Amino acid sequence: MRDLLGGKGANLAEMNLIGVPVPPGFTITTEVCRLYNEQGREAVVAMIKEDVKKSIQHIENLTGNKFNDPSNPQLVSVRSGAPVSMPGMMDTVLNLGINDAVADTLAQKSGNPRFAWDSYRRFVQMYGDVVLGMKPTNKTDIDPFEAIIEDVKAKKGVKFDTELDVDDLKELVARFKAAVKENTGKDFPTDAYDQLWGAIYAVFDSWNNDRAILYRRMNQIPEEYGTAVNVQAMVYGNMGNNSATGVCFSRDAGTGENLFNGEYLINAQGEDVVAGVRTPQQIMTEGSRRWAQLQGISEEERAAKYPSLEEAMPECAAQLVDIQQKLENHYHDMQDMEFTIQDGKLWLLQTRNGKRTGAAMVKIAMDLLREGAIDEKTVIKRMEPGKLDELLHPVFDKAAVKKAKVMAKGLPASPGAATGQIVFFADDAEEWASRKKKVIMVRLETSPEDLRGMSVAQGILTARGGMTSHAAVVARGMGKCCVSGAGEIKVDYKARTVMMGEKTYKEGDWISINGSTGEVYDGLVATVDADLSGDFAAVMNLAEKYSKMDVYTNADSPRDASVARKLGAHGIGLCRTEHMFFEGDRIKAMREMIIAPDEPSRRIALGKLLPLQRGDFEGIFEAMDGYEVTIRLLDPPLHEFVPHQLETMRELAEQTGRTLEEVKLVCDGLEEFNPMLGHRGCRLGNTYPEITEMQARAIIEAALNVKAKGVDVHPKIMVPLIGVKAEIQMQADIINATAQKVFAERGDTVAYKVGTMIEIPRAALVADQIAQVVDFFSFGTNDLTQMTFGYSRDDAGKFLAVYKNLGILKVDPFEVLDQEGVGQLVEMATRKGRATKPELNVGICGEHGGEPSSVKFCASLGMNYVSCSPYRVPIARLAAAQAAVEE
Ligand code: PEP
Ligand code: MG
C-alpha cells in the first residue's frame, strides 16, 4: 500500500479502517506521479479529472458542504506523501478552495470573522510559496509574505500575528495578492478547481526539485518512486479557543522512554507549532511540569500561562491518549502523530513511525519486545546499524552542542565527540599530552609518522583525505574521533594557524569536532560518556543469537584487541604489523634495516626488530585468548619509514656509522612514482625473504611462548598484495620452513594457518590457483576498490564529492562496497577459491567490513567472517544478524 499511496496516504487509509477519526479525503497515487513525469500534465489531467471530481463529491457527501460553492463552502488540504518519508521536500497547502466570497460565508457561518480571514491569508501565503514559487531570492532575504506581515505589524505597532484584527488580515490578503500579481503577472486564482489542480501539479513537480533530488541521492531513495497527493477535508485548529493543533509521539524520540508526549497550540494551524513564533504547550501534565522545570518556570505560572492539553481540554486529551495507544498497538512501533481539534472535536491528520536517536531506537525496540508487541527478529530488523555508533563513543552534551558555533564541515570519518587545543604536529601532540593537555591534531593530512601523535590526541581534523584516508582508517581503528577532508579549512604549518570561516585559530586555541556529523565547532563543547550495558547489551545478545557469520576486528595492539573483544569481536581479522614499527625507538631499528646495504647487515637490524615484534604479538595473543589472530606481513612501501628531515637523516647516519650523503642517497632511492603500486606487500618479502623470515619467526615464537603460559592461541599468517600464485607459494614456503625451524629449536609446535589477502584484481581472477596454496582468503577491499576503479585511495577525495553531486557515483566506493563491480570480483574469487578448496576460510578486512550494506553482501556470499575496526564491531554484528533474519 505504501508504494502506491505513499506513507501518509496509506496510514490515513489505515487509521480510517481501524476507527481513528480522520477527515474524509482521497489519495492520488504515486503511479499517477510516474505517468505525470513520463507523459506530462495534459495526459494525466485527462486521465484522472473525472476521478478527482468524484472523490471531491465523496468528501462533499460526507461533510454536507460543497467545494467551489461560496454559499456552503468545503475547503481542503493538499499534501505530498512519498513511499518513504522525505521531510521538508514539499510543504503543505491548507485551506484550499477559499476566495473573497467563501471567506465571507465562513465568517458568517462560524460567527468568527477572524478565523475566516486568518485562514484566507494563510492560504494565499502558502499557495504563493508552494504553488507559485514566491520564495526569498537569496538566503539573507526574508520571505516576501513575511516581509508584508512585518510591515503591517510595524505600522500597527504590534509584535505577534495574533494581535492583528480582521481588517489587518483583510489588508494582508489584499497585499499578498497584489504581490503575487506583481511577481507572476497573473491574478491569484479564485476558482477552487483551478487552485486544486495548481496544488496537484506543484506536488508532482516537487518530486523533481533540486532539494528532493539531493535528498533522494543522499538517502539512496529510487528516483522512480514518485510521490502521492493527499487531498482531505479541512478541519480547523484556528476556529477559536475551543480549537487547537499539535504534534505528539507515543514514546520519547530522544531517550526512548515510554512516555506519551507532544506539543500543541490553542487556536492555531499546523505550521504555528513548529514555526517558533508562539511557545507551544505540552500535551501531558507530567511533561508540562518537566518542561517548566527546565525553563525555570514556576508551577503557578505554568498552570496559568502554559497549561497542558490534559488540563485545558481534558476530554480531547484523554481521547488522544487512547488513540496514540491504539496506533502504537496497530503499528507495533513508536508513532509520530499530527492532530487538530476543531471546536472540541479531535481529528488525526497523520501518523508515522517516529524518527529517533540511536539510544531511543535500542530502548524502544527492547521495551516493545518485553511488552510482547514484537518478537526478537523484529528487534533485529528494526535496528539501523549505523545508528549504534551514537551509543559507542563519548557524545556531546545535547544542550551544549545546540549553542555551539559551527566553523567548518568535513567528512564524518570516525564517530564520536572530541574537544581540545589545536596542535599541528605529532611531536607537539605527544609533548602537550604528556602535560595532561587535551589536544586535537589539525593536519592537511596524516601519515604513519603521525601515529603516536594521533594516539594521544582527543581527535583528528584534516583538510584533505577521504573516508579511507590514513587519518580516517587509523582513527576508526583507535576509536578516535576524526573529521577528514574539511576542504574549506586553511592550515598553515609555518605560522601554526588554521583558518576556518573568518576566524584564524592559533596553536593552543580550543575547538571541538563531531566525528559523527563532520562538524567543527568553535571552543570547548562539553561531552558525556557512553553506556554499553542494559538494552544495548541485550540487542547485541540477540544479534549473536541469530547471525550466521562471525565478526572479527582489525587491531594492531593489545589495547585495541581487548576493546574489540569487549564489543563482541571473535578474533582478529587484520593486524597491520607496520603500525608497530613507529612506536618508541623501534623506528630506528626499522630504518637501519631499510638502509642496510646487504643481507648480512639487514639481518642484524632485523634481529633487533624480532624481540619487539614477538613481544607485541604475545600481548595480542593473550588479549585474544581462545580466538584466531590474523597477522599480516609487512605491507607498505619502505620509503614510508625512512626519515624525510635532514636532522633525522643525520641521526640515522650516526647510528649506522654511515655518511649523511650515503643515507640521503638510499632514502632518495626509495622514492617511487606510484608507491601504492610499487615495492610493497609481498613484493618486499619476496625480494627480501629475511623480512618474512623474521616476522614468521616472531609470530611462531610468540605463539609458543603464550601457549607455554596456557593461552589458547590460534595464529594465522597473512600475506598481502598477492597477484600471482608463485608469489604466495614463495611466501608460504618461507613461512612454513621458518615455522619448522622454530618448532625444532623449541621442541614444541603450534597449529597455524597461512593465507592471503585478495586485494589485487588479478588475484581474484586466479583465485582457484591461489587457493591451492593457502588456508584462507581475506578480501582487502580498500586496495581492491582502488585497483578496480583505478582511483587512488589517497587522492580520490578530490573528485569523489563532485562525482556524487553529479550523480556519477551514488556513494563513495571506499565506504560502501561497490557490489556491482568490485563485488563481482569478490563473488568470483570466493566461488573459485572454494571450488579448489571447499573448506577455504573466507573473510573481508577492508574498511567495508564495518559498513552494514557491505556486511550483508558478504553474508550473502557465505563468508565466514567480516573484520572491522573495534568500534564498528557492534554495527557489523547487527548487520550480520539482519542478513540472517532477512534471508
Ligand atoms: C585493504 O586493502 O583493504 C586492506 C585491508 O589493507 P590496507 O588498508 O592496509 O591496504
Ligand atoms: Mg591493502
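Me: If a residue counts as near a molecule when one of its heavy atoms lies within 4 Å of it, which residues come nearest to ligand 1?

Reply: This is a predicted model, and in it 14 residues surround ligand 1. Those that come nearest are Arg-576, Arg-632, Gly-780, Asn-782 and Arg-793.

Me: Which element supplies the largest share of the shell around ligand 1?

Reply: Two elements, strand E24 (571-576) and H33, each contribute at least two residues to the shell around ligand 1. The largest share, three residues, is supplied by H33.

Me: What share of the area that ligand 1 exposes when taken alone does the protein bury?

Reply: Oxygen atoms of ligand 1 are approached by a polar side-chain atom of Arg-576 at 2.7 Å, by a polar side-chain atom of Arg-793 at 2.8 Å, and by a backbone N or O atom of Thr-781 at 3.0 Å. Taken alone, ligand 1 exposes 290 Å², and the share of this that the protein buries is 96%.

Me: Which residues coordinate the magnesium ion (ligand 2), and how many residues apart in sequence are the parts that the pair ties together?

Reply: The magnesium ion (ligand 2) is coordinated at 2.0 to 2.1 Å by Glu-759 (OE) and Asp-783 (OD). Because Glu-759 sits in the loop between strand E27 (753-758) and helix H31 (761-765), while Asp-783 belongs to helix H33 (residues 781-789), the pair ties together parts whose separation in sequence is 24 residues.

Me: Is Glu-759 buried or exposed, and is Asp-783 buried or exposed?

Reply: A residue is called buried when its relative accessible area is under 20%. Glu-759 has a relative accessible area of 2%, and Asp-783 likewise has a relative accessibility of 2%. Glu-759 is therefore buried, and Asp-783 also counts as buried.

Me: Which helix gives the largest share of the largest nonpolar core?

Reply: The largest nonpolar core has 125 residues, of which Leu-388, Phe-621, Phe-777, Phe-779 and Met-863 touch the most other members. Leaving out residues up to four places away in sequence, Phe-621 touches residues including Ile-699, Ala-702, Ala-703 and Val-706. The largest share of this core, 10 residues, comes from helix H29 (residues 689-708).

Me: Which residue's backbone oxygen does the side chain of Asn-99 reach?

Reply: Asn-99 is placed in the loop between strand E3 (93-96) and helix H4 (100-110), and with a relative accessible area of 13% Asn-99 is buried. Leaving aside neighbours within four places in sequence, Asn-99 is in contact with Tyr-120 and Thr-190. The backbone oxygen that the side chain of Asn-99 reaches, at 3.0 Å, is that of Thr-190.

Note on methods. Residues numbered from 1 in each chain as written. Chains lettered and ligands numbered in written order. Predicted model: local features only at pLDDT ≥ 70, side-chain atom pairs only at ≥ 80, totals over all residues. Heavy atoms only, no water. Donors = N, O, S within 2.8 Å, 3.2 Å for Na, K, Ca; no water. Helix = DSSP H or I, 4+ residues; strand = E, 2+ residues; numbered from the N terminus. Buried < 20%, exposed > 50% of the residue type's maximum accessible area, 1.4 Å probe, protein only. Core = buried A, V, L, I, M, F, W, Y, C linked by side-chain atoms within 4.5 Å. Contact = heavy atoms within 4.5 Å. Near = heavy atom within 4 Å. Polar contact = N/O pair within 3.5 Å; in protein donor to acceptor, adjacent residues only side chain to side chain. Areas by Shrake-Rupley, 256 points an atom, 1.4 Å probe, with all protein chains shown as cover.
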